[in-house]
Every structure is written in C-alpha cells, then in structure tokens.
2 protein chains.
Amino acid sequence: MITFDEAFNKVMQFPMDLGVEAVELSNATGRVLAENIVADRDFPPFNRATKDGIAIHFNSLENEITHFKIEAVLSAGMAQQELKDTGNCVEIMTGAVLPKNADTIIMYEDTKIENGVATIFKKPIIGQEIHRKGSDVKKGTTLLSKHMMIGAAEIGVLASVGKSIVLVNKLPKICVISTGNELVEVHETPLPHQIRRSNTLSLFAALKNHGIEAVQVHLLDDKKVIREQLSKLMEAYDVLLVSGGVSKGKFDFLPEVLELLGVEKVFHRVAQRPGKPFWFGTQQKTKTLVFSFPGNPVSTYANYHVYFLPWLYLTLQLKKPEKYVLLERPILIKPSLTRFIQVRITNKMGSLWAVPVQENGSGDLTSLANSDGFICLRPREKAYEQGEAIPFIPTK
Amino acid sequence: MITFDEAFNKVMQFPMDLGVEAVELSNATGRVLAENIVADRDFPPFNRATKDGIAIHFNSLENEITHFKIEAVLSAGMAQQELKDTGNCVEIMTGAVLPKNADTIIMYEDTKIENGVATIFKKPIIGQEIHRKGSDVKKGTTLLSKHMMIGAAEIGVLASVGKSIVLVNKLPKICVISTGNELVEVHETPLPHQIRRSNTLSLFAALKNHGIEAVQVHLLDDKKVIREQLSKLMEAYDVLLVSGGVSKGKFDFLPEVLELLGVEKVFHRVAQRPGKPFWFGTQQKTKTLVFSFPGNPVSTYANYHVYFLPWLYLTLQLKKPEKYVLLERPILIKPSLTRFIQVRITNKMGSLWAVPVQENGSGDLTSLANSDGFICLRPREKAYEQGEAIPFIPTK
C-alpha cells in the first residue's frame, strides 16, 4: 500500500497530449484556450468620445472664443468626419470618432446650446474626454495567453478581436462505468436487496461541469462480459472511470480482468480514507487510463476530486492554485492514513473556516450534498490544531 | 441620482414568481430544486456487508467454535439468504445482504479458508462490519431541501431515491440586447470607425453558466425600430438585459422609448463607478423587467454581477452567503461614489487577499479576464485599510 502523496504523484506522471480543436465562440465557454490571442487592431481603434457633448479645436480658445457654431452631429457608427472651420464645433456622442481638426470634448453639462450655437461655461483641458486610439492596447499585444479557462469575460475579449472560431484543448473521451449486480436504474423500483445506480450519474454530472459529455456503461459481475466490454471500451475511450469492483470480494473481477487486457497496474490501494481500494492503471497500446474507484459514493466522489480532476487540469495544462482553509476545531487522526474529511466552508471576514460535516461512514451520500469539499489531513502524530491552514479540495 | 444601496434594494423589490417545471434528472444539474426530497426507503435498505469475509451467528462463538463450515457464497445483488445451521457460516461480499440468523461479519484478513471451512483468528465484536438497515437515513427523512442548487452530489442523492424526474424552479426567459450603429458581428472585419459586438456575447456566456439560454438581439439607433422591437420583446421575455443606449447622447433613445412603451422607470443613474448610467424599470402589463446597462464592457459586466445575479438568486430563492476578502493594500476613494474595483484573489493560508487589477478605464475589456471579481467600496472619507475585510462580488 502506497501513501497518498506517492499515489498522487504517480497519477500525475500520466498527462495526455490530446491535441487541439477549433470550436465556435458560442461553444467555447468552459474550454481551455490553446492559442495566444493577439489584438488585431488598436483598442480603441480610433480616438473615441467618452462623453456626449461638443468637440472643438482647443487652440481656438486662445482667441477667447466661447461660442461655437455647430457644424454637425456625430454619433457612434459614423465614419470619421472633419471639423471644417476650427472656430466651430460638432456635437459628438459617446463612442463616436473624434473628427479631424478637433482635439477636445466638452460634455453637455458644461455647455448651453441655443440656435445652433454652443456656449461653454468652463475652460476645458486640452484632449479631455477622449479615449485615445491604442491607449488600452496596441495592435499585436497579447490579450489572452493559452492555457486559460475561457469564461464570460474571455468571450468578450475573443469577440472583440474577431475570434468567431477559437482553438481549444481537446477534452478526453471518458466512459463512466458502474459495476455490481445489485444496481438498478433510477426509474426502476428496486427489490429489497437492490439499490439504484447513483455514483456514475454523479460522475457524469461532475464531468459535465468541465464540458465533458461522458458515456455511461453498466457492467454486471460476470468475468467474461466484463472482459469483452472493457476490451471494446479501451479501444474507444481515453479514460475509464470505474466505480466499484476493486475490493477483495470474490466477484471483484476488475483488477484481474484489467491485467488480462494488458492494463498495467500502477498501484492498487492507497493509505487513505475514504477511497483506500483505489486501483489505477494504464494500457500502453490503446493509451487508455483506468481510474478504478471503490464503489461507495463518498469514496468515488473523493477520489474523483483528489486524483482525476488534478490529472484533467494537468492534461489540459490548466493551472489551479492550491487552496487552503482554516480548521474550526482541532482534529486528531490515526497516524497511518491520509484522511479526506468533508467540510462546509464559511467565509468569516475574508478567512475560510472549515467545519466537518456529520457523516455516517462512506456509504452516506447525503453528506456530500451538505459539504463544500474535502480537507486533506496527512497522517501525523500531533493533532491538527484549531485555526491551522489545511489543503482544501473543493467539490462545489 | 441614488446611492448603490438604494438602487440595489429597489432591484430586490422585484423578484419574479416563475413557477416550477419538471426536468429529467440528467438535465437537472445547475438548476434549483423546487421540492423537498425524501428517502423512499431506509438507507441502506438492508443490513449490508461492509467487508468481504464470512458471516456468522455470534452466539455460536460461546461454544468455543472457531471453525465454520461454509454453507454458501453471497454477493451483492442476491436476495436475502438464510444461514441454515447457526454453527456454520457463509462467505459474504461487500454490498451483499446479511443472511437471516447471521449477525457478525469477519473480514477475510482475519480468517483462513481451507476445504470449505473458515477458521477465525481473532474474536469479533458482535455486529461488526455491518452497515445497518436505516442507519444512514430512515424512510421518510428529508434528504434535500428545496431552494438548493443541484450539483453532482445532489444528482447522486436524487438518483438514489429514484427521482428520474425532478421539480426545479423555472428560469426567466431573457433577451440580451445590444444597441449602437457602430457594432458589427464577431466574424466581420470592422471598418475603422466600427467595433465588434462583444458585451452581449459575454452576457450570453455568463447566463449560460446559470443554465439560461438567452436570445441575443441587436438594435440600431433608430427610434422607430427600437420602439417596435422592444414592444415585441417585452411580450416575449421576462427580462431584457440591455447594453448601451442609456447615456445622455442624442441617439440614446432607450429611456424615452421604454417610457413610451409603458415601462416605469424605477431609477436611472446610480452613484457608483463603473456603471453609473444604469437604468432599471418594470413594465406592469407584461411583467417584464428591464436592466439597461451602460455600453462599455466593464460597466455592463459589473452591473450584471452587482444587480442582475442577486436578483436572479432572489427569484430562484437560492441563498448565496455574502463573501468577504481582505485588502492587500490601502485604497482611498472619492467619497461620493460607490466603487467596484476589479481584483485578483490569492488564497494565502486560508485567507483571501484582494489585489486590484490594473485597469485602463471602463472601456478596457482585458482587465475583466485578469480579475476574479469586484470588491465593493462604499463611499467614506477614511481610506480603506490594508487587511480590512471588504464585500466581494465574484465573477469567476
């Protein structure tokens, strides 16, 4: 049995190079950017009015002019115009192009307009109320770097520079596999000795949050069937996420069948709780990774977040800084296992405090709904202290 | 001009009652639960083996028996069996139903099995390694309460109790409207005086994170067209999110047209930066709410998160606790406006520190991609101090 850190480091030795693909901008949210995004023009692309008012030629003020004949009204979307007589002005709207020969804008609030003539009350500063061409970004500047997650703000940037098609990292093809003869479908009424399939539905929903549309397969406890199906699934998928079938029972054929199929065991069983009987392997030929989680909900959910998600981020080259939370009360753990304890997080004046969620063994599904994630307590003799900062693995 | 708090409270006076709808479990992720979820049976539904090993009748140990003839092998998915002779045992696998007459399980590690007989090495404790029927939850217990967001863990609970169809709060029908003759589509090459439409694509992507498929409409600066289209849109949508057209320019027809269409102005202009020219109104007849944001990206994005999202949570009856972060360095603001400042958040040993993101005026789109949200600084004479806890509005 290896330690959690050994197991984690081993999993991280298998990032996948899945390549990139082009997607429509409207489908790019939640994906990881695979190209640097460069400004295709200056931003703003022209000297842009930032206020509604009048535009003048500043030097004309030297001749003590305070009345300006209005030559035209310019609005956003009009091509650049010209102030024909520098002693005159134009009315100009926010977003419009500053006309040639004008260099200063005075907002309506500081003018009075009567009979086609604007009078100004307050001496302006030369160049005021103009958002200068290229003052935000010069053409050619890198606006977004690859390996960023594309969110709503990034969509705005991509749209601004005309990226209607975006290069993103390809997502792994994933099959989520449940095992066990006791499982029935959600819509079925289970017999007294049966339970409904739920783990793989949770995993399916969790993967969807990362834009991954997984396929769900259920395997009965029959060695021949499992062997045939797994063999096909390994040809078709990059990753198999298996729930159940890796404890020591007589019908837990998975480790044996996986090895028969040429999947090399990287490790089986980790000194952790929950999630100890985790089996991880790799098939060299098909390049498939197999994450085989113990069958109970908390174990599966913990191992998905503890091992699979960091592997996914590594594969997508997405950086996720480590998170810490503060212990609300001291915890003493047995020194031989790394513990993942479900907690609820409260933000108290900018600090994150973790309160363990009452849980009833690893079969207790409802505790997952009540918690915000797991704290990771590595084995040590000394109790973890109240107020100590602890690594946190969010699940929400 | 009203204060931020006045404006916020006014918006919160217009929650909508949109009713509920039934969705398939596979489409329920990200939705808000509209029914209490009750256990339809005990969990676990039977006395369940938690280890692979043998099941015995504990009292038989009193007769100093340590060798048990194996009657049968029981696996998960089999109906309950019976230990026929209480001096014998059965082999039992994790997840299997404890047979009648058996009350204690001894894991394989503490037994030796030879010629159909199991010998135990270690005296067990009566009832050990059994996950008792109903010990997690009794039938009829409320597992999830309405007004929760349905995430991956909740999907697992819903599946366990057979909710293949779930009642969720209906989402508002939203139309995202851009205005302005200067805007062209993302795939177009803009002329020097034009820019690409980006704000409404950002809003569309942001809404999608909440499961809302908004419709996007672009309006040119033509009073008649705007009036006709807005009139139709108000019939069809619960909420109009408008970007642009509410400053003081001659072509900013929106406030006027909205009032002509019977939309009652609740307020226009808020003492805040960015996002000051925010117009908010309600049409009594069609029950449509109009959030009309200033046209620049940072203002639109700030007001969407500051006003619209809290309104959405209120409408969906979803509780979101207030978040706080600590100021990395002191900030002095002008005392008349509430400031929303873009920040990047760093988790330092369990505390969240906010560092302002370099921004270049409200036209600067890239700063949004570099920030994690806005801090909210209400006007005050005294500088905000380093280390002070400040309300935080996350955007990622």
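# Getting to know this model

Me: Which residue stands opposite A:Leu240 in β22(A)?
Reply: Heads-up: this is a predicted model, where local features need pLDDT (the predictor's confidence in each residue, from 0 to 100) of at least 70, side-chain atom pairs count only at pLDDT 80 or more, and totals for chains, interfaces and linings use all residues. Residues are numbered from 1 along each chain as its sequence is written, while chains are lettered from A and ligands numbered from 1 in the order in which they are written. Now look across from A:Leu240 into β22(A), and you find A:Val290.

Me: How many bridges does the pair of strand β18 and strand β22 of chain A have?
Reply: Strands of a sheet pair through backbone hydrogen bonds, either parallel or antiparallel. Strands (E, at least two residues) and helices (H or I, at least four) are DSSP runs numbered from the N terminus, and two strands pair if DSSP finds at least two bridges between them. In chain A, β18 (residues 239-243) and β22 (residues 288-293) pair in the parallel sense, and the number of bridges is five.

Me: What does the twist average from one strand to the next in the sheet with the order β17-β14-β18-β22-β21-β19?
Reply: This is an open sheet of six strands in chain A, with mixed pairing. Its edges are β17 (215-219) and β19 (263-268) of chain A, each with a single partner strand, so one side of each has no neighbour in the sheet. Going from one strand to the next, the twist averages 20°.

Me: Which helix of chain A packs on that sheet?
Reply: The helix covers residues 223-236 and touches β14 (174-179), β17, β18, β21 (279-283) and β22 of chain A; contact here means C-beta atoms, placed from the backbone, within 7 Å. Its direction makes about 160° with that of β17(A), using lines fitted to C-alpha atoms (for helices over the stretch in contact) and angles from 0 to 180 degrees between N-to-C directions. The helix is α4.

Me: By what angle are neighbouring strands turned on average in the sheet β8-β5-β7-β6-β10-β9 of chain A?
Reply: Here's another open sheet of six strands with mixed pairing. Its edge strands, β8 (104-107) and β9 (111-114) of chain A, each pair on one side only. Ignoring direction, neighbouring strands are turned against each other by an average of 40°.

Me: Which residue stands opposite A:Gly53 in β8(A)?
Reply: Strand β5 (residues 53-56) of chain A runs antiparallel to β8(A), joined by four bridges. Opposite A:Gly53 in β8(A) is A:Met107.

Me: In β7(B), which residue is the bridge partner of B:Ala55?
Reply: In chain B, strand β4 (residues 53-56) pairs antiparallel with β6 (residues 89-92) over four bridges, and B:Ile54 stands opposite B:Glu91 there. β4(B) also pairs antiparallel with β7 (residues 104-107) of chain B over four bridges. In β7(B), the partner of B:Ala55 is B:Ile105.

Me: Which residue of chain A comes closest to the rotation axis?
Reply: Chain A can be laid on chain B with an RMSD of 0.1 Å by a turn of 180° and a shift of 0.0 Å along the axis, superposing by least squares on C-alpha atoms of residues with pLDDT of at least 70 in both. The two copies are thus related as by a two-fold rotation axis. At 2.1 Å (C-alpha), the residue of chain A closest to that axis is A:Ser351.

Me: Which element gives the most to the side of chain A that touches chain B?
Reply: In all, 84 residues of chain A are in contact with 84 residues of chain B. Of the interface residues of chain A, 100% are also interface residues in chain B, so the copies meet through the same surface. With eight residues, the element of chain A that gives the most is α2(A).

Me: How far apart are the centres of domain 2 and domain 3 of chain A?
Reply: An automatic or database domain assignment sets the bounds. Domain 2 of chain A takes in 20-43 + 137-169, and domain 3 takes in 48-131. Taken over C-alpha atoms, their centres are separated by 36 Å.

Me: Which residue of chain A follows A:Arg273 across a cis peptide bond?
Reply: Most residues other than glycine have a negative phi, and most peptide bonds are trans. This bond is cis, with omega near -5°, and its second residue lies in the loop between β20 (270-273) and β21 of chain A. That residue is A:Pro274.

Methods: Two residues are in contact if their C-beta atoms, placed from the backbone, lie within 7 Å.
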